[in-house]
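Dear colleague,

Please find below the sequence and the structure that I am handing over to you. My notes on what was found follow directly after them.

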Amino acid sequence: MRALRVVGLHEDGKSIVCEDPASRTRFLLPADERLRAAARGDITRLGQIEIELESQMRPREIQARIRAGESVEQVASSAGVTVQRVERFAYPVLLERSRTAELAQRAHPVREDGPDVQTLGEVVAHSFGQRGHDYSQATWDSWRGDDGKWVVVLSWKAGRSDNRAHWAFAPGAHGGTVQALDENAEVLLNPNAYRAPRTVRALEPGKDAVVQPTLDSVPDEPVAKVIDAPIAEPEEEAESPLPADEPEEVAEPAPRAKGKKNHPIVPSWEDVLLGVRSQRG
């Protein structure tokens, strides 16, 4: 074992420069927690650091989990390491996932009679236009499943709901093919699955419409006018004529009370009906 001597601190401020006195070969030693613990002679801390390093994920495992669909934050939380450490190994895999999602948009959906002429991106863009969704706000992603096949996912927001659709992507000639894996994916691929909502319009009366009366639509009914006039008494039934051989007796009019002075006497209803002229007092 050769002994090295400390030359000084590296220009990055995070490493120590050491040199072999015999060969003048210089070495760079990270000034990490292990070096500080060794300089203090803290054996307990050195053992704890070794256990923590052994529990961390290897770069190959980090990339495998990212390729399977996990995010950088999820992997860092599971491994108990910083996001920056995971990003160094996840970056090339994230590029692979993004590239695969782009290729899947150029693939052709599989129909009952074979692959569609249009691509997945064209069909989905048309479906979004029918529903009034903003296709530019949708995001594409992909990952590789346990069976080694790629799954492409489309995420979009409609109102307050978050929606996702999944397809199985098989790369191949002419862009490859995709098959729907859930109901949302099937609906987006079916041009007849969407029906535009019926508009509400006012119906004209008399044209197959039933008009419900309202307080404003009730017509004004004619109101009977009250006429200040005496109410006619019902006429008495006519008496049967007397025999021809018996003379008709004329009834003497009943004496009437005289009216007050200088006031005319109002005839009674009997006088009016019998045609008797009233006498003045």
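Two rings of Phe, Tyr or Trp, the last taken by its six-membered ring, are said to pair if their centres lie within 6.5 Å. By that rule, a search of the whole structure, which is a predicted model, finds 3 aromatic pairs. In one of them, the ring centres of F128 and W156 are 5.4 Å apart and the planes stand at 65°; because an angle over 60 degrees counts as edge-to-face, this pair is edge-to-face. The pair links distant parts of the chain, with F128 in helix α6 and W156 in strand β7, 28 residues apart. Both F128 and W156 are buried. Ring pairs also bring in Y135, so that F128, Y135 and W156 form a cluster.

Helix α6

Helix α6 covers residues 120-131 and also holds S127. Is S127 buried or exposed? Its relative accessible area is 1%, and because buried means under 20%, S127 is buried. The side chain of S127 reaches the backbone oxygen of L188 at 2.6 Å. A further residue from a later part of the chain can be placed in relation to S127: the C-alpha atom of N192 is separated from that of S127 by 9.7 Å, although the two residues are 65 apart along the chain.

Helix α5

A second buried residue with a polar side chain contact is T100, found in helix α5, residues 83-105. With a relative accessible area of 9%, T100 falls under the 20% limit and is therefore buried. A polar atom of the T100 side chain lies 2.8 Å from the backbone oxygen of E96. Which residues does T100 touch, if those up to four places away in sequence are not counted? They are S142, W150 and F169.

Strands β7, β8 and β9

W150 belongs to strand β7, which spans residues 150-158, and F169 belongs to strand β8, which spans residues 161-170. These two strands pair in the antiparallel sense over 9 bridges. Within this pairing, V151 stands opposite A168 in β8. The hairpin of β7 and β8 has 2 residues between the strands, and G159 takes a positive phi near 70° there.

Strand β8 also pairs with strand β9, residues 177-180, again in the antiparallel sense and over 4 bridges. Here the bridge partner of A170 is T177 in β9. The hairpin of β8 and β9 has 6 residues between the strands, and H174 in its turn has a positive phi of about 60°.

The sheet of β1, β2 and β3

Towards the start of the numbering there is an open sheet of 3 strands in the order β1-β2-β3, with antiparallel pairing. Its edge strands are β1 (5-9) and β3 (26-30), each of which pairs on one side only. From one strand to the next, the twist averages 35°. Strand β1 is joined to β2, residues 15-19, by 4 bridges, and L9 stands opposite I16 in β2. As a general point, the side chains in a regular strand alternate between the two faces of the sheet.

Salt bridges

Side chains of opposite charge can pair when their charged atoms come close. How many salt bridges does the model contain? The count comes to 9. One of them joins E19 and R5, with a distance of 2.3 Å from N to O. This pair links distant parts of the chain: E19 lies in strand β2 and R5 in strand β1, 14 residues apart. E19 has a relative accessibility of 5% and counts as buried, whereas R5, at 37%, counts as partly exposed.

E19 also meets R24 in a salt bridge, at 3.9 Å from N to O. At 58% relative accessibility, R24 lies over the 50% limit and so counts as exposed.

Another salt bridge is formed by R65 and E70, whose closest N and O atoms are 3.1 Å apart. R65, at 22% relative accessibility, is partly exposed, and E70, at 23%, is partly exposed as well. Salt bridges that share partners join R5, E19, R24 and R26 into one network.

With kind regards

Conventions
Residues numbered from 1 in each chain as written. Predicted model: local features only at pLDDT ≥ 70, side-chain atom pairs only at ≥ 80, totals over all residues. Heavy atoms only, no water. Pairing = 2+ DSSP bridges. Axes fitted to C-alpha atoms, helices over the stretch in contact; angles between N-to-C directions. Buried < 20%, exposed > 50% of the residue type's maximum accessible area, 1.4 Å probe, protein only. Polar contact = N/O pair within 3.5 Å; in protein donor to acceptor, adjacent residues only side chain to side chain. Contact = heavy atoms within 4.5 Å. Salt bridge = Lys/Arg side-chain N within 4 Å of Asp/Glu carboxyl O. Phe/Tyr/Trp six-rings, centres within 6.5 Å; stacked < 30°, edge-to-face > 60°.
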